[in-house]
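Work through the following exercises with the sequence and the coordinates open beside you. Each task is followed by a solution that proceeds step by step.

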Amino acid sequence: MGCHDHLKQIGAKICHRLCYGYPMNIRLRHDAIVRILRRNGTATIGQLAGEIGASRRTVLRDISALRDQGFVIHSESGPGGGVQLDPEALRSTARLSVTEVFALIVSVASMRAARSLPFSDLADRGLAKIEMALPADKVRDLRRLLACLYVGQLSPMQDVSNLGAIESELLPAFETTFLQRLFLRFRYRDAQGVETIREVEPQAMLILPPLWYLVAWDAARDDFRHFRMDRISLPEIVEGTQFRRRHVPFEDDVCPFSEMSL
């Protein structure tokens, strides 16, 4: 399929999103279900399906997954029945995902790099407690993500007047592509506003506050490329072929997150 066909597909996705709204990913659906049950006390499967915009079958799968995570959700059949969340169990089982912890860490790292974090010691202690609460396999995933994170200083000559928002779908896509070393396809808008479809090997994330970059090997250009995250849209994991890790030649003033001084 050529680039033109990809652009047509993306255009169709945009139209769908404009008409029907953004579909929730699994994590967002789980969070929404917990919030609805905590707010309403009891809800039917139909009510949950209507509120989150998913099928009854999807909601039932989500409830099963939430139970597997430790949430105690009671079911009552018959007229007037529904599902109910045990509020006591909620306080002891609610957990952050790897991407949520990573988002907290990179936020702290970006503020520290910008020298705008007055309580860095407290922030680091809080993050350490959160990390200790993660299961061992999630800690390994978090550390592998952090190994791909680099921080530096933005040149004062860089124009940031056109800084945009970063799509919320991007970080979960990064978690998958970095941990599984899968190619990432997305639409990219350059500084002149020209849009292209790119398929790359993500190798690192770079924070130059206030700009965030995806650093990737672009086989079509036979070189590394820095993609501003606020110019990336519609990220899509390319299943199948895995890529190999490459050494990224950063500038001298860029350092790994693990080597940042407090």
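**Exercise 1.** Determine in which sense strand 1 and strand 3 pair, and then place the two strands in their sheet.

*Solution.* In this predicted model, strand 1 and strand 3 (residues 82–85) run antiparallel to one another and are paired over two bridges. At the level of single residues, A43 stands opposite V83, which belongs to strand 3. Widening the view, the sheet is open and consists of three strands in the order 1-3-2, with antiparallel pairing. Strand 1 (42–43) and strand 2 (73–76) each have a single partner strand and therefore stand at the edges, one side of each being left without a neighbour in the sheet. The last step concerns the packing on this sheet: helix 4 (residues 56–68) touches strand 2 and strand 3, and the direction of helix 4 makes about 140 degrees with that of strand 2.

**Exercise 2.** Find the distance between the closest N and O atoms of R144 and D141, and explain how the two residues are placed in helix 8.

*Solution.* The closest N and O atoms of R144 and D141 are 3.9 Å apart, and since the cut-off for a salt bridge is 4 Å, the pair is counted as a salt bridge. Both residues belong to helix 8 (residues 136–146), where they are three residues apart, which means that about one helical turn separates them. As for accessibility, R144 is partly exposed, with a relative accessible area of 43%, whereas D141, at 19%, counts as buried.

**Exercise 3.** Establish which parts of the chain are tied together by the pair R246 and E201.

*Solution.* Begin with the contact itself, a salt bridge in which the side chains of R246 and E201 meet at 3.0 Å, N to O. R246 lies in the loop between strand 9 (232–242) and strand 10 (255–256), while E201 lies in strand 6 (residues 195–208), so the pair ties together parts that are 45 residues apart in sequence. R246 counts as partly exposed at 21% relative accessibility, and E201, at 8%, counts as buried.

**Exercise 4.** State how many salt bridges a search of the whole structure finds, and describe further examples.

*Solution.* The search of the whole structure finds ten salt bridges. Among them is the one between the side chains of R228 and D230, which meet at 2.8 Å, N to O, and both of these residues are buried. A further case goes beyond a simple pair, in that R185, E199 and E236 are linked in a network of salt bridges.

Methods:
Residues numbered from 1 in each chain as written. Predicted model: local features only at pLDDT ≥ 70, side-chain atom pairs only at ≥ 80, totals over all residues. Heavy atoms only, no water. Helix = DSSP H or I, 4+ residues; strand = E, 2+ residues; numbered from the N terminus. Buried < 20%, exposed > 50% of the residue type's maximum accessible area, 1.4 Å probe, protein only. Pairing = 2+ DSSP bridges. Contact = heavy atoms within 4.5 Å. Axes fitted to C-alpha atoms, helices over the stretch in contact; angles between N-to-C directions.
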